[in-house]
Amino acid sequence: MFYEPANRDRDLLPHDPFKAIVAPRPIGWISSLSEDGKPNLAPYSFFNAICAAPPMVMFCSDSEKDSVANIRRTGEFVTNYVGAAFTEAMNMTSIDAPHGVNEFELAGLHHEPSHLVAPPRVAGIAAALECRLAQIVELVDAQGSRTASIMVIGEVVGVYIDDAMIREGRFDVAAAGHLTRLGYRDYQGPEGYFEMIRPNWRG
Ligand SMILES: Cc1cc2nc3c(=O)[nH]c(=O)nc-3n(C[C@H](O)[C@H](O)[C@H](O)COP(=O)(O)O)c2cc1C
């Protein structure tokens, strides 16, 4: 089989395989603050580390979502490590809630202050990266036409690791039980593959 993305045979492939081919992807669980200091939390799987000196991460949003708007204004964010214990809570924070809804409260999560940036981290997580905004890139396609997607690049200025997750001088990935995003509705956790459906604000 071969197809160009715009001309996929939807009878043969009803759902886009793109994200299943570029998988697994880590999930950046992004906390940020609105200009008036309200916390915001949302998962992004177009997320990764992109270089090490200095350490930098990026996430990419389909549009100007709350996380992007907040970071554009405040210049700071935190990426929270999604351990398997936070699977349902992470999913809950992806809800299409109206602007200003606090996803921490919605998902029954608490937060703890970061060391160097104002946005808090999720309480109880294995690790978090405190970031300062380096660049916002409005993506263009191969023709140079503007797309709706916006990539946020941050420099990691602080690294939090739960002391219990350090074993023999290393971050213990097995203990942290990392969750990754595959294609469709699929995820991979320490127990293997599973499906999870995103919540919808209107139920
Ligand atoms: C596991 C997972 C990964 C997601 N990855 C992305 C992503 O990479 N880009 C994006 O625009 N939305 C992504 N979403 C959807 C956002 O989390 C969702 O639109 C959220 O409401 C955005 O919140 P915000 O407006 O507070 O930033 C993802 C959702 C889930 C459950």
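A residue counts as exposed if 12 or fewer other C-beta atoms lie within 10 Å of its own, and as buried if 20 or more do. In this predicted model, Glu 168 has 5 other C-beta atoms within 10 Å and is therefore exposed. Glu 168 sits in the loop between strand E11 (166–167) and strand E12 (170–171). Its backbone deserves a second look, for Glu 168 has a positive phi of about 50° although it is not a glycine. Most residues other than glycine have a negative phi.

Tyr 184 gives another example of this kind, with a positive phi of about 50° in a residue that is not a glycine. Tyr 184 is placed in the loop between E13 and strand E14 (186–189). Is Tyr 184 buried or exposed? It has 12 C-beta neighbours inside 10 Å, so Tyr 184 counts as exposed.

The peptide bonds hold some points of interest too. Most peptide bonds are trans. The bond that joins Ala 23 and Pro 24, however, is cis, with omega about 0°. Pro 24 belongs to the loop between helix H1 (18–21) and E1. A cis peptide bond also leads from Ala 53 to Pro 54, and here omega is near 0°. Pro 54 is found in the loop between strand E4 (47–52) and E5.

Just after the loop of Pro 24, we can turn to E1 and its sheet. Strands of a sheet pair through backbone hydrogen bonds, either parallel or antiparallel. Here, 4 strands form an open sheet in the order E1-E13-E14-E15, and the pairing is antiparallel. At its edges are strand E1 (25–26) and strand E15 (192–195), each of which pairs on one side only. Two residues help to locate the start of this sheet: Arg 25 stands opposite Arg 181 in E13. E1 and strand E13 (residues 180–181) are paired in the antiparallel sense over 2 bridges.

Moving inward, which residues of the largest nonpolar core touch the most other members? Of the 31 residues in this core, they are Trp 29 and Val 82. Several elements supply at least two core residues each, among them strand E2 (28–33), strand E6 (76–81), helix H3 (87–92), strand E9 (127–140) and strand E10 (146–161). Leaving aside neighbours within four places in sequence, Trp 29 is in contact with Leu 41, Pro 43, Thr 79, Asn 80, Val 82, Met 90 and Val 122.

Ala 126 shows how residues from separate parts of the chain can meet. It lies in the loop between strand E8 (121–122) and E9. Ala 126 counts as buried because it has 23 C-beta neighbours inside 10 Å. Beyond its neighbours within four places in sequence, Ala 126 is in contact with Tyr 81, Gly 83, Asp 162, Met 165 and Ala 176. The C-alpha atom of Ala 126 is separated by 8.8 Å from that of Ala 175, although the two residues are 49 residues apart along the chain.

Finally, we come to the ligand. Of the 18 residues around it, Ala 42, Phe 46, Lys 65, Asp 66 and Ser 67 come nearest. Which element supplies the largest share of this shell? That is E3, with 4 residues. Strand E3 (39–44), strand E5 (55–61) and helix H2 (66–74) each supply at least two residues of the shell. By class, the shell divides into 6 nonpolar, 6 polar and 6 charged residues. E3, E5 and H2 also appear in the core described above, where each supplies at least two residues.

Terms used: Residues numbered from 1 in each chain as written. Predicted model: local features only at pLDDT ≥ 70, side-chain atom pairs only at ≥ 80, totals over all residues. Near = placed C-beta within 6 Å. Nonpolar A, V, L, I, M, F, W, Y, C, P; charged D, E, K, R; others polar. Core = buried A, V, L, I, M, F, W, Y, C linked by C-beta atoms within 7 Å. Contact = placed C-beta atoms within 7 Å. Pairing = 2+ DSSP bridges.
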